[in-house]
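Here is a protein to look at together, one piece at a time. Have the sequence and the 3D view open while you read.

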Amino acid sequence: METLACSAQKGRPREFDIDEALTAALRVFWRHGYEGASLTELTGAMGITKPSLYAAFGNKEALFRKALDLYEREKLSYMKTALDAPTSRGVAERLLRGALAMQTSSCDPKGCLGVISSVACGPEAESIKADVIARRASSEAALIARFERAKAEGDLPGSTDPAALARYLTAILQGLSVQAGAGVCCADLGKLVDTTISLWPGR
């Protein structure tokens, strides 16, 4: 594990684990969004001082981007494997089941970090919002390409619009995270997933 020296008021600097600190920061951002997460909350959760935060991560914006990278790498790992499913229905099911599993986990905050932060509207958050939107667009482009392939292979009807289908699925995934964040129970979220899969176009 990588450790960095953390500034102390007295005596020798104490070390902190940078991975553990980043994980703690991710939970704060996930719970409150970029704008809602104060430096005091962040440093308190990370167990470091503000000078140590700046020394290790740069600033709040740079810390958020690293936290978002961690979120995508660990919490959204199912999205990459979903595209390898042999059918478009399989892709949709892996995405929906993966999102459902994450939202019903007892160890993480609810909702989607990307959704929470993309609705931020203050001037300070404009670059963050643009980054989140760009990442989402990249994921959507990969999904569109997968559905275009499914259409070419005859897995989807010839009348299917791959871009519209990808945006529909994205909207369902976003809605799932919003409802989870609002406290909708696991059973009802599961029904949403089941209904979406049952309505999926196919041969």
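What follows is a short tour, from the overall fold down to single residues.

## The big picture

Before anything else, keep in mind that this is a predicted model. The protein has ten helices and two strands. If you walk along the sequence, you meet the pattern β-β-α-α-α-α-α-α-α-α-α-α, so go through both strands before you look for helices.

The protein counts 203 residues, and 43% of them are buried. Now think about contacts between residues with a separation of 6 or more: 61% of these contacts in the protein come from residues 24 or more positions apart.

## Two helices at an angle

Let's zoom in on residues 38–57. An unreviewed UniProt entry annotates residues 38–57 as "DNA-binding region", and such annotations may be inferred rather than shown by experiment. In the model, this span is 80% helix and 0% strand, and its end C-alpha atoms lie 15 Å apart.

How do helix H2 and helix H3 pack, and at what angle? Two packed helices are described by the angle between their axes and the distance between the axes. For helix H2 (residues 39–46) and helix H3 (residues 50–57), the angle is about 85° and the axes are 10 Å apart. That makes H2 roughly perpendicular to H3, because angles of 65 to 115 degrees count that way.

Who makes the contact? On the H2 side you'll find Leu 39, Thr 40, Leu 42, Thr 43 and Met 46, while H3 brings in Lys 50, Leu 53, Tyr 54 and Phe 57. Sort these contact residues by character and you get six nonpolar, two polar and one charged.

## Salt bridges

How many salt bridges does a search of the whole structure find? The search turns up nine. Here are three of them, with the N to O distance for each pair.

| Pair | N to O distance |
|---|---|
| Arg 65 and Glu 61 | 2.6 Å |
| Glu 93 and Arg 97 | 3.4 Å |
| Arg 167 and Glu 140 | 3.3 Å |

Start with Arg 65 and Glu 61, which form a salt bridge. Both sit in helix H4 (residues 60–75), and because they are four residues apart there, about one helical turn separates them. Arg 65 is partly exposed at 24% relative accessibility, and Glu 61 is partly exposed at 26%.

Next, Glu 93 and Arg 97 meet through their side chains. They are four residues apart in helix H6 (residues 88–103), so about one helical turn lies between them. Glu 93 is partly exposed, with a relative accessible area of 31%, and Arg 97 is partly exposed as well, at 34%.

The salt bridge between Arg 167 and Glu 140 links two helices. Arg 167 lies in helix H9 (residues 162–181) and Glu 140 lies in helix H8 (residues 126–152), so the pair ties together parts that are 27 residues apart in sequence. Is each partner buried or partly exposed? Arg 167 is partly exposed, with a relative accessible area of 46%. Glu 140, on the other hand, is buried at 18%, because the cut-off for buried is under 20%.

Salt bridges can also share partners. In this model, such sharing joins Glu 61, Arg 65, Asp 69, Glu 72, Asp 131 and Arg 135 into one network.

## Three residues to find yourself

Try Arg 31 in helix H1 (residues 18–36). Arg 31 is partly exposed at 46% relative accessibility. Its C-alpha is 9.5 Å from that of Gly 181, although the two are 150 residues apart in sequence.

Now hop to Lys 66, in helix H4. Lys 66 is partly exposed, with a relative accessible area of 38%. Leaving out residues up to four places away in sequence, Lys 66 touches Leu 22 and Phe 57. The C-alpha atoms of Lys 66 and Leu 26 are separated by 8.7 Å, with their positions 40 residues apart along the chain.

Last stop: Lys 80, in helix H5 (residues 77–82). Lys 80 is exposed, with a relative accessible area of 67%. Lys 80 and Ala 142 are 62 residues apart along the chain, and their C-alpha atoms are separated by 9.6 Å.

Notes: Residues are numbered from 1 along each chain as its sequence is written. This is a predicted model: local features need pLDDT of at least 70, side-chain atom pairs count only at pLDDT 80 or more; totals for chains, interfaces and linings use all residues. Side-chain values use heavy atoms; hydrogens and water are left out. A salt bridge is a side-chain nitrogen of Lys or Arg within 4 Å of a carboxyl oxygen of Asp or Glu. Buried means under 20% relative accessible area, exposed over 50%, partly exposed in between (1.4 Å probe, protein chains only). Axes are lines fitted to C-alpha atoms, for helices over the stretch in contact, and angles run from 0 to 180 degrees between N-to-C directions. Angles under 35 degrees count as roughly parallel, over 145 as roughly antiparallel, 65 to 115 as roughly perpendicular and the rest as oblique. Contact means heavy atoms within 4.5 Å. Ala, Val, Leu, Ile, Met, Phe, Trp, Tyr, Cys and Pro count as nonpolar, Asp, Glu, Lys and Arg as charged, and the others, Gly among them, as polar.
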